[in-house]
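Student: I should like to learn how to read the features of a structural model one by one. May we go through an example together?

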Amino acid sequence: SWTTGSVIDEQVEAIRAQVGDKRAICGLSGGVDSAVAAALVQKAIGSQLTCVYVDHGLMRKGETEQVEKDFVAATGANLKVVDASERFLTALAGVSDPETKRKIIGREFIRVFEQAQLEILQEDGPEVAFLVQGTLYPDIVESGGGTGTANIKSHHNVGGLPDDIEFELVEPLRQLFKDEVRMVGQELGLPAEIVQRQPFPGPGLGIRIVGEVTKDRLDLLREADAIAREELTAAGLDSEIWQCPVVLLADVRSVGVQGDGRTYGHPIVLRPVSSEDAMTADWTRMPYDVLARISTRITNEVADVNRVVLDVTSKPPGTIEWE
Ligand code: XMP
(Lines give C-alpha, C1' and ligand atoms only; values in the text may rest on other atoms or scores of the structure.)
Protein backbone atom coordinates (compact mmCIF):
# COMPACT_ATOMS: atom_id res chain seq x y z
CA SER A 1 0.00 0.00 0.00
CA TRP A 2 1.05 3.58 -0.63
CA THR A 3 2.73 5.34 2.23
CA THR A 4 5.02 8.33 2.09
CA GLY A 5 7.72 6.40 3.90
CA SER A 6 7.63 3.47 1.48
CA VAL A 7 7.77 5.78 -1.54
CA ILE A 8 10.86 7.45 -0.10
CA ASP A 9 12.59 4.15 0.71
CA GLU A 10 11.81 2.75 -2.72
CA GLN A 11 13.05 5.85 -4.53
CA VAL A 12 16.20 6.16 -2.45
CA GLU A 13 17.10 2.60 -3.38
CA ALA A 14 16.29 3.15 -7.07
CA ILE A 15 18.33 6.38 -7.21
CA ARG A 16 21.36 4.69 -5.59
CA ALA A 17 21.14 1.84 -8.09
CA GLN A 18 20.85 4.24 -11.03
CA VAL A 19 23.57 6.73 -10.09
CA GLY A 20 26.10 4.35 -8.56
CA ASP A 21 29.25 6.28 -7.65
CA LYS A 22 28.84 8.93 -10.35
CA ARG A 23 27.63 12.48 -9.77
CA ALA A 24 24.35 14.26 -10.52
CA ILE A 25 23.20 17.84 -11.03
CA CYS A 26 19.78 19.24 -10.13
CA GLY A 27 18.41 22.65 -11.06
CA LEU A 28 16.33 24.25 -8.31
CA SER A 29 13.61 26.65 -9.39
CA GLY A 30 12.25 27.57 -5.97
CA GLY A 31 9.19 25.45 -6.74
CA VAL A 32 7.90 22.36 -4.96
CA ASP A 33 8.79 19.73 -7.56
CA SER A 34 12.46 20.49 -8.06
CA ALA A 35 12.96 20.96 -4.31
CA VAL A 36 11.41 17.59 -3.43
CA ALA A 37 13.24 15.80 -6.25
CA ALA A 38 16.53 17.30 -5.06
CA ALA A 39 15.83 16.40 -1.42
CA LEU A 40 15.10 12.78 -2.39
CA VAL A 41 18.26 12.48 -4.46
CA GLN A 42 20.25 14.17 -1.70
CA LYS A 43 18.97 11.59 0.77
CA ALA A 44 20.04 8.82 -1.61
CA ILE A 45 23.48 9.98 -2.77
CA GLY A 46 24.48 12.88 -0.49
CA SER A 47 27.51 14.81 -1.71
CA GLN A 48 27.41 13.16 -5.15
CA LEU A 49 24.62 15.65 -5.90
CA THR A 50 25.19 19.32 -6.71
CA CYS A 51 22.15 21.60 -6.89
CA VAL A 52 22.16 24.74 -9.03
CA TYR A 53 19.98 27.75 -8.38
CA VAL A 54 19.91 30.52 -10.96
CA ASP A 55 18.82 33.74 -9.26
CA HIS A 56 17.28 35.67 -12.13
CA GLY A 57 16.19 38.50 -9.86
CA LEU A 58 12.54 37.89 -10.74
CA MET A 59 11.59 35.92 -7.64
CA ARG A 60 9.22 37.09 -4.97
CA LYS A 61 10.29 38.49 -1.63
CA GLY A 62 12.12 35.90 0.46
CA GLU A 63 12.03 33.10 -2.12
CA THR A 64 15.71 33.13 -3.01
CA GLU A 65 16.60 33.08 0.71
CA GLN A 66 14.27 30.09 1.16
CA VAL A 67 16.34 28.15 -1.35
CA GLU A 68 19.76 29.46 -0.27
CA LYS A 69 19.22 29.07 3.46
CA ASP A 70 16.18 26.99 4.40
CA PHE A 71 16.47 24.35 1.67
CA VAL A 72 20.17 23.88 2.36
CA ALA A 73 19.59 23.77 6.13
CA ALA A 74 16.87 21.13 5.72
CA THR A 75 18.73 18.88 3.28
CA GLY A 76 22.45 19.57 3.67
CA ALA A 77 22.70 19.72 -0.12
CA ASN A 78 25.66 21.19 -2.04
CA LEU A 79 24.20 24.30 -3.63
CA LYS A 80 25.74 26.45 -6.32
CA VAL A 81 23.94 29.80 -6.51
CA VAL A 82 24.44 31.91 -9.60
CA ASP A 83 23.42 35.53 -9.12
CA ALA A 84 22.43 36.48 -12.64
CA SER A 85 20.01 39.29 -11.84
CA GLU A 86 22.08 41.99 -13.55
CA ARG A 87 22.35 39.85 -16.65
CA PHE A 88 18.59 39.32 -16.82
CA LEU A 89 17.84 43.01 -16.24
CA THR A 90 20.25 43.97 -19.00
CA ALA A 91 18.71 41.45 -21.39
CA LEU A 92 15.20 42.69 -20.56
CA ALA A 93 15.99 46.40 -20.86
CA GLY A 94 13.59 48.20 -23.18
CA VAL A 95 11.38 45.13 -23.71
CA SER A 96 7.61 45.34 -23.08
CA ASP A 97 6.20 42.62 -25.33
CA PRO A 98 5.13 39.60 -23.22
CA GLU A 99 6.29 36.87 -25.61
CA THR A 100 9.62 38.59 -26.17
CA LYS A 101 10.13 38.83 -22.40
CA ARG A 102 9.35 35.13 -21.99
CA LYS A 103 11.78 34.18 -24.77
CA ILE A 104 14.56 36.32 -23.32
CA ILE A 105 14.09 34.96 -19.80
CA GLY A 106 14.00 31.36 -21.05
CA ARG A 107 17.07 31.84 -23.24
CA GLU A 108 19.14 33.55 -20.54
CA PHE A 109 18.10 30.94 -18.02
CA ILE A 110 19.36 28.09 -20.18
CA ARG A 111 22.63 29.89 -20.89
CA VAL A 112 23.34 30.59 -17.23
CA PHE A 113 22.32 27.08 -16.17
CA GLU A 114 24.49 25.43 -18.81
CA GLN A 115 27.46 27.56 -17.83
CA ALA A 116 26.99 26.41 -14.21
CA GLN A 117 26.75 22.78 -15.37
CA LEU A 118 30.01 23.12 -17.28
CA GLU A 119 31.74 24.53 -14.21
CA ILE A 120 30.56 21.54 -12.18
CA LEU A 121 31.76 19.16 -14.90
CA GLN A 122 35.22 20.72 -14.65
CA GLU A 123 35.50 20.10 -10.91
CA ASP A 124 37.57 17.18 -9.70
CA GLY A 125 35.61 14.06 -8.82
CA PRO A 126 33.62 11.24 -10.34
CA GLU A 127 31.95 11.66 -13.72
CA VAL A 128 28.82 13.85 -13.78
CA ALA A 129 26.41 11.68 -15.71
CA PHE A 130 22.95 12.50 -14.36
CA LEU A 131 20.48 15.36 -14.40
CA VAL A 132 17.70 15.33 -11.80
CA GLN A 133 14.29 16.59 -12.86
CA GLY A 134 11.09 17.07 -10.87
CA THR A 135 8.86 15.53 -13.53
CA LEU A 136 5.47 14.44 -12.11
CA TYR A 137 3.10 11.77 -13.31
CA PRO A 138 0.71 14.27 -14.95
CA ASP A 139 3.66 15.83 -16.85
CA ILE A 140 4.48 12.44 -18.34
CA VAL A 141 0.88 11.70 -19.28
CA GLU A 142 0.51 15.11 -20.93
CA SER A 143 3.68 14.84 -22.97
CA GLY A 144 3.09 11.22 -23.99
CA GLY A 145 6.08 9.66 -22.26
CA GLY A 146 9.48 10.84 -21.04
CA THR A 147 12.61 11.37 -23.14
CA GLY A 148 15.23 9.87 -20.82
CA THR A 149 18.18 12.06 -21.73
CA ALA A 150 19.10 15.73 -21.97
CA ASN A 151 21.77 17.38 -24.06
CA ILE A 152 23.98 20.23 -23.10
CA LYS A 153 26.10 22.04 -25.65
CA SER A 154 29.33 23.59 -24.53
CA HIS A 155 30.01 27.23 -25.30
CA HIS A 156 32.87 28.81 -27.19
CA ASN A 157 34.33 30.37 -24.09
CA VAL A 158 34.78 27.09 -22.22
CA GLY A 159 37.63 24.97 -23.48
CA GLY A 160 38.52 21.33 -23.03
CA LEU A 161 35.06 19.85 -22.92
CA PRO A 162 33.22 17.67 -25.38
CA ASP A 163 30.93 19.53 -27.76
CA ASP A 164 27.82 17.77 -26.65
CA ILE A 165 27.36 16.12 -23.27
CA GLU A 166 24.49 13.79 -22.70
CA PHE A 167 23.00 13.37 -19.24
CA GLU A 168 20.80 10.53 -18.16
CA LEU A 169 17.69 11.78 -16.37
CA VAL A 170 16.83 10.94 -12.77
CA GLU A 171 13.11 11.53 -12.23
CA PRO A 172 12.17 10.28 -8.76
CA LEU A 173 8.70 11.90 -8.79
CA ARG A 174 7.48 10.44 -12.05
CA GLN A 175 4.89 8.22 -10.37
CA LEU A 176 3.52 10.93 -8.11
CA PHE A 177 0.76 13.52 -8.15
CA LYS A 178 1.26 17.00 -6.72
CA ASP A 179 -0.35 16.31 -3.33
CA GLU A 180 1.82 13.21 -2.94
CA VAL A 181 4.93 15.23 -3.80
CA ARG A 182 4.00 17.67 -1.04
CA MET A 183 3.64 14.81 1.46
CA VAL A 184 7.03 13.40 0.45
CA GLY A 185 8.60 16.86 0.79
CA GLN A 186 7.10 17.32 4.22
CA GLU A 187 8.31 13.88 5.33
CA LEU A 188 11.81 14.81 4.10
CA GLY A 189 11.73 17.85 6.38
CA LEU A 190 11.47 20.60 3.78
CA PRO A 191 10.11 23.93 5.09
CA ALA A 192 6.37 24.51 4.72
CA GLU A 193 7.03 27.69 2.69
CA ILE A 194 8.56 25.51 -0.03
CA VAL A 195 6.30 22.44 0.24
CA GLN A 196 3.02 24.39 0.32
CA ARG A 197 4.01 26.97 -2.25
CA GLN A 198 1.35 27.91 -4.80
CA PRO A 199 2.15 27.78 -8.53
CA PHE A 200 4.48 30.51 -9.72
CA PRO A 201 5.55 30.96 -13.34
CA GLY A 202 9.15 30.28 -14.38
CA PRO A 203 9.56 33.82 -15.80
CA GLY A 204 8.57 35.08 -12.36
CA LEU A 205 7.70 38.70 -11.74
CA GLY A 206 9.06 39.51 -15.20
CA ILE A 207 5.64 38.65 -16.63
CA ARG A 208 3.72 40.40 -13.83
CA ILE A 209 4.97 43.85 -14.77
CA VAL A 210 2.91 45.07 -17.70
CA GLY A 211 5.53 47.20 -19.43
CA GLU A 212 9.31 47.23 -19.22
CA VAL A 213 10.96 45.30 -16.38
CA THR A 214 13.28 47.45 -14.27
CA LYS A 215 14.93 47.01 -10.87
CA ASP A 216 12.73 49.69 -9.26
CA ARG A 217 9.55 48.19 -10.64
CA LEU A 218 10.55 44.71 -9.46
CA ASP A 219 11.25 46.03 -5.96
CA LEU A 220 7.89 47.79 -5.89
CA LEU A 221 5.99 44.71 -7.09
CA ARG A 222 7.85 42.47 -4.61
CA GLU A 223 6.60 44.67 -1.76
CA ALA A 224 3.00 44.71 -2.98
CA ASP A 225 3.04 40.95 -3.59
CA ALA A 226 4.48 40.25 -0.14
CA ILE A 227 1.68 42.26 1.48
CA ALA A 228 -1.02 40.44 -0.49
CA ARG A 229 0.46 37.03 0.35
CA GLU A 230 0.80 37.91 4.01
CA GLU A 231 -2.84 39.02 4.29
CA LEU A 232 -4.20 36.05 2.33
CA THR A 233 -2.32 33.66 4.59
CA ALA A 234 -3.40 35.50 7.74
CA ALA A 235 -7.02 35.27 6.57
CA GLY A 236 -6.68 31.50 6.10
CA LEU A 237 -7.36 31.69 2.35
CA ASP A 238 -4.31 29.78 1.07
CA SER A 239 -6.16 26.53 0.44
CA GLU A 240 -9.19 28.21 -1.14
CA ILE A 241 -7.13 30.27 -3.56
CA TRP A 242 -5.21 28.39 -6.26
CA GLN A 243 -2.90 31.34 -6.73
CA CYS A 244 -3.11 35.11 -6.65
CA PRO A 245 -0.90 36.90 -9.14
CA VAL A 246 -0.21 40.50 -8.14
CA VAL A 247 0.39 42.59 -11.24
CA LEU A 248 1.94 46.04 -11.70
CA LEU A 249 0.52 48.16 -14.50
CA ALA A 250 3.78 50.00 -14.96
CA ASP A 251 2.72 52.04 -17.99
CA VAL A 252 -0.56 53.20 -16.45
CA ARG A 253 -0.85 56.15 -14.10
CA SER A 254 -3.90 57.58 -12.42
CA VAL A 255 -4.61 60.56 -10.23
CA GLY A 256 -5.01 60.13 -6.50
CA VAL A 257 -4.80 62.12 -3.30
CA GLN A 258 -2.72 61.48 -0.22
CA GLY A 259 -2.29 63.78 2.77
CA ASP A 260 -2.74 67.22 1.24
CA GLY A 261 -1.13 66.37 -2.05
CA ARG A 262 -2.17 65.04 -5.40
CA THR A 263 -0.51 61.79 -6.47
CA TYR A 264 0.00 60.33 -9.90
CA GLY A 265 0.82 56.68 -9.34
CA HIS A 266 0.48 53.17 -10.69
CA PRO A 267 -2.31 50.63 -10.17
CA ILE A 268 -1.71 47.19 -8.69
CA VAL A 269 -4.02 44.40 -9.86
CA LEU A 270 -5.04 41.51 -7.59
CA ARG A 271 -5.85 38.34 -9.51
CA PRO A 272 -7.06 35.72 -7.00
CA VAL A 273 -8.27 32.58 -8.79
CA SER A 274 -9.83 29.30 -7.82
CA SER A 275 -8.97 26.31 -10.01
CA GLU A 276 -8.42 22.56 -10.13
CA ASP A 277 -5.63 22.41 -12.70
CA ALA A 278 -5.06 25.96 -14.06
CA MET A 279 -6.64 24.99 -17.40
CA THR A 280 -9.79 26.81 -16.37
CA ALA A 281 -10.24 29.11 -13.42
CA ASP A 282 -12.74 31.40 -11.79
CA TRP A 283 -12.02 34.57 -9.87
CA THR A 284 -12.23 33.93 -6.16
CA ARG A 285 -15.10 35.59 -4.31
CA MET A 286 -12.88 36.86 -1.54
CA PRO A 287 -14.14 38.50 1.65
CA TYR A 288 -14.38 42.28 1.23
CA ASP A 289 -12.58 42.94 4.50
CA VAL A 290 -9.52 41.01 3.32
CA LEU A 291 -9.53 42.94 0.04
CA ALA A 292 -9.85 46.18 2.02
CA ARG A 293 -6.86 45.33 4.22
CA ILE A 294 -4.69 44.44 1.23
CA SER A 295 -5.70 47.63 -0.57
CA THR A 296 -5.10 49.89 2.44
CA ARG A 297 -1.73 48.35 3.18
CA ILE A 298 -0.45 48.39 -0.40
CA THR A 299 -1.44 52.02 -1.01
CA ASN A 300 0.01 53.09 2.36
CA GLU A 301 3.18 51.04 2.33
CA VAL A 302 4.25 50.89 -1.32
CA ALA A 303 5.51 54.15 -2.78
CA ASP A 304 4.13 55.11 -6.21
CA VAL A 305 1.07 52.88 -5.92
CA ASN A 306 -2.14 54.83 -5.37
CA ARG A 307 -4.79 52.36 -6.53
CA VAL A 308 -5.55 48.65 -6.08
CA VAL A 309 -7.95 46.96 -8.50
CA LEU A 310 -9.51 43.48 -8.54
CA ASP A 311 -9.55 41.28 -11.64
CA VAL A 312 -13.03 39.67 -11.88
CA THR A 313 -12.48 37.67 -15.09
CA SER A 314 -12.72 33.90 -15.33
CA LYS A 315 -10.41 31.76 -17.50
CA PRO A 316 -11.40 31.65 -20.29
CA PRO A 317 -11.54 34.33 -21.55
CA GLY A 318 -8.80 35.73 -19.31
CA THR A 319 -5.63 33.77 -18.59
CA ILE A 320 -4.47 33.52 -14.97
CA GLU A 321 -1.36 35.58 -15.66
CA TRP A 322 -1.59 38.94 -17.41
CA GLU A 323 1.26 38.18 -19.82
P1 XMP B 1 -2.18 31.06 -17.65
O2 XMP B 1 -1.70 32.47 -17.47
O3 XMP B 1 -1.80 30.50 -18.98
O4 XMP B 1 -1.39 30.20 -16.57
O5 XMP B 1 -3.65 30.90 -17.36
C6 XMP B 1 -1.71 28.87 -16.25
C7 XMP B 1 -0.77 28.42 -15.14
O8 XMP B 1 0.57 28.31 -15.62
C9 XMP B 1 1.43 29.18 -14.88
N10 XMP B 1 2.38 29.72 -15.84
C11 XMP B 1 3.64 29.27 -15.99
N12 XMP B 1 4.33 28.34 -15.31
N13 XMP B 1 6.22 28.80 -16.65
C14 XMP B 1 5.63 28.12 -15.64
O15 XMP B 1 6.29 27.29 -15.02
C16 XMP B 1 5.58 29.72 -17.38
O17 XMP B 1 6.16 30.32 -18.29
C18 XMP B 1 4.23 29.98 -17.03
N19 XMP B 1 3.31 30.85 -17.49
C20 XMP B 1 2.16 30.65 -16.77
C21 XMP B 1 0.52 30.22 -14.27
O22 XMP B 1 1.09 30.82 -13.12
C23 XMP B 1 -0.69 29.39 -13.97
O24 XMP B 1 -0.51 28.62 -12.80
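Student: Where is Ala39 found?

Tutor: Please keep in mind that this is a predicted model. Ala39 belongs to helix H2.

Student: Is Ala39 buried or exposed?

Tutor: The general idea is to count the other C-beta atoms within 10 Å, and a residue with 20 or more is buried. Ala39 has 28 such neighbours inside 10 Å and therefore counts as buried. Leaving out residues up to four places away in sequence, Ala39 touches Thr75, Gly185, Leu188 and Leu190. One may also look at a distance along the chain: Ala39 and Leu49 are ten residues apart, and their C-alpha atoms are separated by 9.9 Å.

Student: Which residues of helix H7 are buried?

Tutor: In H7, which spans residues 178-187, the buried residues are Val181, Arg182, Val184 and Gly185. They lie on the same side of H7, because the arc they cover around the axis is only 165°. The general idea behind such a pattern is that an α-helix has 3.6 residues a turn, so residues three or four places apart point the same way.

Student: What do the buried residues of H7 pack against?

Tutor: They pack against helix H1 (4-19), H2 and helix H8 (192-195). One of these residues, Gly185, has already appeared among the contacts of Ala39. Just after H7, Gly189 takes a positive phi of about 85°.

Student: Let us turn to annotation. Which residues does the UniProt annotation "binding site" cover?

Tutor: According to the UniProt record, an unreviewed entry, the annotation covers Ser29, Gly30, Gly31, Val32, Asp33, Ser34 and Ala35. An annotation of this kind may be inferred rather than shown by experiment. What one can do is place its residues in the model. Gly30 is in the loop between strand E1 (23-28) and helix H2 (32-45), and Gly31 has its place in the loop between E1 and H2 as well.

Student: Why does Gly30 count as buried, and what is the case for Gly31?

Tutor: Gly30 counts as buried because it has 21 C-beta neighbours inside 10 Å. Gly31 has 18 other C-beta atoms within 10 Å and is therefore partly exposed. Their contacts may be read in turn. Apart from neighbours within four places in sequence, Gly30 is in contact with Met59, Glu63 and Val67. For Gly31, not counting residues up to four places away, the residues touched are Arg197 and Phe200.

Student: How does one read the pairing of strands? Which way do E8 and E10 run, parallel or antiparallel?

Tutor: One asks which strands are joined by bridges, in which direction they run, and which residues face each other. Strand E8 (residues 246-249) and strand E10 (residues 261-270) run antiparallel and are joined by three bridges. Val246 stands opposite Leu270 in E10. Strand E9 (residues 254-258) is also antiparallel to E10, with five bridges, and Gly256 has Thr263 in E10 as its bridge partner. The hairpin of E9 and E10 has two residues between the strands, and Gly259 there takes a positive phi near 60°.

Student: How many bridges join E10 to strand E13?

Tutor: Five bridges join E10 to E13 (residues 305-310), and these strands run parallel. Ile268 stands opposite Val308 in E13.

Student: What should one look for in the backbone angles?

Tutor: Most residues other than glycine have a negative phi, and most peptide bonds are trans. Departures from this deserve a look. Ala278 has a positive phi near 70° and lies in the loop between strand E11 (273-274) and strand E12 (282-283). Asp304, not a glycine either, has a positive phi of about 75° and lies in the loop between helix H10 (288-301) and E13. With 14 other C-beta atoms within 10 Å, Asp304 is partly exposed.

Student: Which peptide bonds are cis?

Tutor: The bond from Lys315 to Pro316 is cis, with omega near -15°. Another cis bond joins Pro316 and Pro317, with omega about 5°. Pro316 is in the segment after E13.

Student: Finally, which residues surround the ligand?

Tutor: They are Pro199, Pro201, Gly202, Pro203, Gln243, Ala278, Lys315, Thr319, Ile320 and Glu321. By class, this shell holds five nonpolar, three polar and two charged residues. Ala278, in the shell, is the residue with the positive phi near 70°.

Definitions and conventions:
Residues numbered from 1 in each chain as written. Predicted model: local features only at pLDDT ≥ 70, side-chain atom pairs only at ≥ 80, totals over all residues. Helix = DSSP H or I, 4+ residues; strand = E, 2+ residues; numbered from the N terminus. Buried ≥ 20, exposed ≤ 12 C-beta atoms within 10 Å, placed from the backbone. Contact = placed C-beta atoms within 7 Å. Near = placed C-beta within 6 Å. Nonpolar A, V, L, I, M, F, W, Y, C, P; charged D, E, K, R; others polar. Arc of directions from axis to C-beta. Pairing = 2+ DSSP bridges.
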